[in-house]
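Biologist: I have the sequence and the model open side by side, but I don't know where to begin. Could you pick a single part and take me through it closely?

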Amino acid sequence: NSIWVSTDHDEIEKVAKQFGAQVHRRSPEVSQDSSTSLEAIREFLNHHHEVDIVGNIQATSPCLHPSDLIRVAELIQKEGFDSVFSVVRRHQFRWSEVKKGENKMTEPQNLNPAKRYRRQDWPGELYENGSFYFAKRHLIEKGYLQGGKMAYYEMRAEHSVDIDIDIDWPIAEQRVLSFGYFGKEPLKEVKLLVCSVDGCLTNGRIYVTEDQKEMVSYDYRDLVGIDLLKKRGIQVRLISERDCSKTLSAMQLGCVAKVGATNKLQVLEDWQKDMGLSWKEVAYLGNEESDVECLKKAGMSGVPADACALAQKAAGYICKNNGGCGAVREFAEHIFLLLEKVNSARKQ
């Protein structure tokens, strides 16, 4: 019935409202490092007596799909369960822990070593994965997220992502790209990539010789990335606020370019209209404040790792590489990965 973000952070509140959520401002008492989700939910209910069922969706599980949440809500609303929580099936053999100094042997917990079977022939076990907890109000007021007439909801393994420590991030990123939910509107084929020259294709540095000639450096990997995009039928165009036509001519990229662009968004809109493309078919790689509006418009947007803060906030993807150091190639591979998802979905 309503979607809320519980936070004590101004920036999170701003972003949540931009995406249509309502915001509950947490009190300092339930905003400590040691605070639990249950404490925050109970405080929320104290301010919202109209709520009788809470679905607690964990921000650390980014592969949730609406179909799962709809089904769980139905289990409570239509089938009479008091609480439902998410689980995932795992095929892991468990052994008892032997602490240092203890004079005993480990023991099998869920297998018989004398009749050891292949894991793929074993149905496995169900583990909580922390993606979500749904519960009726009366349970939460008693201090429970699970209780009464309980049910579990088994999620698909590829949708079960839990970020606990820093090394979970790269795994989660790839899982989201392959199995994440990208909204009701389906992804479309990218037909155009527009790349800012200074700070994306180059590292933004300009070297001046004694005879006042300018030189810039670029990464050969980025040229390979542009070539790969072209081979996939994606047109690549370049844009720059300064007149770097001689530099681009020397690089021999064979790309349409607009230099001396005082209004990058206007140039992007003109290209988009001339090519008859929807914004979903346009990708943009930028790095400066002048790129922000273009990043917001494009269906796919990216920035190098060293882009300015405003550009990073506006982008959908932040490269691991800096500008002029492989960021274009990396963003191209990001596009290819998303297009593979589109093709896979169509086949299904």
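**A close look at strand 4**

Modeller: Happily! Strand 4 runs parallel to strand 6 (residues 150–154), and five bridges connect the two. (Strands are DSSP runs of E with at least two residues, and helices are runs of H or I with at least four, both numbered from the N terminus; two strands count as paired if DSSP finds at least two bridges between them.) Within this pairing, Val84 sits opposite Ala151 of strand 6.

Before we go further, please keep in mind that this is a predicted model: local features need pLDDT of at least 70 and side-chain atom pairs pLDDT 80 or more, while totals for chains, interfaces and linings use all residues. Numbering starts from 1 along each chain as its sequence is written, and side-chain values use heavy atoms, without hydrogens or water.

Now turn to another neighbour, strand 5 (residues 125–136). Strand 4 pairs with strand 5 in the antiparallel sense, this time over seven bridges. To find the pairing on your screen, look for Arg89, whose bridge partner in strand 5 is Leu126. Strand 4 itself covers residues 83–90, and six of its eight residues are buried (buried means under 20% relative accessible area and exposed over 50%, with partly exposed in between, using a 1.4 Å probe and protein chains only).

What packs against these strands? The buried residues of helix 3 do, touching strand 4 as well as strand 3 (53–57), strand 5 and strand 6 (contact means heavy atoms within 4.5 Å). Helix 3 is a twelve-residue helix, residues 66–77, and its first and last C-alpha atoms are 16 Å apart, close to the expected 16 Å (1.5 Å times one less than the number of residues).

The buried residues of helix 3 are Asp68, Leu69, Val72, Leu75 and Ile76. They line one face of the helix, because they fall within an arc of 115° when you look down its axis (the arc is taken from the directions between the helix axis and the C-beta atoms). Ile70 and Gln77, by contrast, are exposed on the other side of helix 3.

To place all this in the chain, use the domain assignment: domain 1 takes in 52–90 + 123–165, and domain 2 takes in 192–346 (the bounds come from an automatic or database assignment). Over C-alpha atoms, the centres of domain 1 and domain 2 are 41 Å apart.
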